[in-house]
Amino acid sequence: MSNKLNSKLSLPVIISILLHGILIIALGYKFVSDTGENYGSINGNSIDAIMIDPSVMTEQYQRQLQTEVNQQKADQKNQELLDKQIKELAEKAEAEKAAAEKAAAEKAAAEKAAAEKAAAEKAEAEKAAAEKAAAEKAAAEKAAAEKAAAEKAAAEKAAAEKAAAEKAAAEKAAAEKAAAEKAAAEKAAAEKAAAEKAAAEKVAAEKAAAEKAAAEKAAAEKAAAEKAAAEKAAAEKAAAEKAAAEKAAAEKKAKQKAEQAKKDKALNDLLGGLTSGTPSSGGVASRKGVSDGELDKYKSLVQNAISNKFINPPNVYRGKTCELQIQIAPDGLLLNVTSKGGDADLCREALAATKLAVIPKPASSLYNEVKTMNIEFQPK
């Protein structure tokens, strides 16, 4: 730090010295030039002389000298100030250096003490570690010996247990094999018994189903017979009523005819037989007829009733027909329906739809015409 400061201060001092030297040289040169330039010269054969006032020279010299003295004083003052600053900086640097050296010495002493302490602690630790390692080694050797003894005892025990386990396993396997064989035999017997039972149950179920089917068939036949008997009874009753009505009408007509014949005879007797041989005019029974329009209209209603219960998925039966023969009661109740021809699949579906349909009640005047009617069914 001191060398750096001296190098910084030496440059201004050197510059100052150089400037002073240049100034002194310039002043001396000027003085010599002023005093000797025109002191004497030879121009051809003559010498010109110039007179110089000594007082002026003295005054000029003193002025120059005073200037130099003042400059030297200023330079000396600057040099003293500079030396003082240099001295102060040097003293400060010395103090800082001493403080640094002191701090370094204290640090070195502390580091030395710490190193010595660390070395002592390391030695203690190494000693303790060695003692600990020796103790651990002894303990490990002891544990190893104990472990070897324990492992040997455990191995011997495991061998004994293994032998016992193998013996027990063999006995268990033999027992399990015997039990499995016994279970297999029992299972085979049970399966055989179950198969025989299932076969017996199947036979019984088939027999029960056959009996049930026979019973249902008998019940259906009985119901059909009862229904047919009821229909027959109803038909016979209706026929008897009709016959009685016709008989009553015929008797009434015969009575009227007999009365008319009696009157005719009395009149003929009165007129002298003038009217004998003249046929008597009797009334001719007229039958109230049914128009084809009314019949077609009713059949159309029946076909619509069947169509309402008929399902025709994606028009499967489009363009196909089935002829149905339908028997109904006076109130429209379906008594029977059969197919008389047409597409077999359509007829099967049409028969099912007819049995679900609600047949409209026919007019009393239409019943005799529609109680058994044929309809050509075509899905819409």
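Contact here means heavy atoms within 4.5 Å. Keep that cut-off in mind as you click around, since several stops rely on it.

**Before you start**

This is a predicted model, where local features need pLDDT of at least 70 and side-chain atom pairs count only at pLDDT 80 or more, while totals for chains, interfaces and linings use all residues. Residues are numbered from 1 along each chain as its sequence is written, and side-chain values use heavy atoms, with hydrogens and water left out.

**The whole chain**

Show everything as a cartoon and colour by secondary structure. You should find five helices and five strands, where helices (H or I, at least four residues) and strands (E, at least two) are DSSP runs, numbered from the N terminus. Going from the N terminus on, the order is α-β-β-α-α-β-β-α-α-β.

Now switch to a surface. Of the 380 residues, 12% count as buried; buried means under 20% relative accessible area, exposed over 50%, and partly exposed in between (1.4 Å probe, protein chains only). Among contacts with a separation of 6 or more, 70% are between residues 24 or more positions apart.

**Stop 1: helix 4**

Select residues 344-356, which make up helix 4. The expected span of a helix is 1.5 Å times one less than its number of residues. For the 13 residues of helix 4 that gives 18 Å, and the end C-alpha atoms sit 19 Å apart, which agrees.

Step back to Asp-343 at the start of the helix: one of its side-chain oxygens comes to within 3.3 Å of the backbone nitrogen of Asp-345. That is a polar contact, meaning a pair of N or O atoms within 3.5 Å; within protein, one must be able to donate a hydrogen and the other to accept it, and residues adjacent in sequence count only if both atoms are side-chain atoms.

Which residues of helix 4 are buried? Show Leu-346, Cys-347, Ala-350, Leu-351, Ala-353 and Thr-354 as sticks. To see what they pack against, add helix 3 (292-309), strand 3, strand 4 (334-342) and strand 5 (372-377).

Centre on Thr-354 next. At 0% relative accessibility it counts as buried. Setting aside neighbours within four places in sequence, Thr-354 is in contact with Ile-306, Leu-324, Ile-326, Leu-334 and Val-337.

**Stop 2: the disulfide**

Stay with helix 4 and pick Cys-347, then add Cys-322. Their sulfur atoms are 2.1 Å apart and form a disulfide, which is called when a pair of cysteine sulfur atoms lies within 2.5 Å. The structure holds one disulfide. It links distant parts of the chain: Cys-322 belongs to strand 3 (residues 322-328) and Cys-347 to helix 4, 25 residues apart.

Measure the torsion about the S-S bond in your viewer and you should get about 115°, so this disulfide is right-handed. Are the two cysteines buried or exposed? Cys-322 has 0% relative accessibility and counts as buried, and Cys-347, at 6%, counts as buried too.

**Stop 3: Asp-75**

Jump to helix 2 (residues 54-271) and select Asp-75. This residue is buried yet has no salt bridge, a salt bridge being a side-chain nitrogen of Lys or Arg within 4 Å of a carboxyl oxygen of Asp or Glu. Which side chain of opposite charge is nearest to Asp-75? That is Lys-77, 12 Å away, with Lys and Arg counted as positive, Asp and Glu as negative, and His and the chain ends not counted. Leaving out neighbours within four places in sequence, Asp-75 is in contact with Ser-16 and His-20.

**Stop 4: salt bridges along helix 2**

The whole structure has 10 salt bridges. Here are some to select in turn:

- Lys-132 and Glu-136 form a salt bridge at 3.8 Å, N to O. They are four residues apart in helix 2, about one helical turn. Lys-132 is exposed at 52% relative accessibility, while Glu-136 is partly exposed at 45%.
- Lys-147 and Glu-151 also meet at 3.8 Å, N to O, and lie four residues apart in helix 2. Lys-147 is exposed at 52%; Glu-151 is partly exposed at 44%.
- Lys-157 and Glu-161 pair with their closest N and O atoms 4.0 Å apart, again four residues apart in helix 2. Lys-157 is exposed at 54%, and Glu-161 is partly exposed at 45%.

Look down the helix axis to see the spacing at work: an α-helix has 3.6 residues a turn, so residues three or four places apart point the same way.
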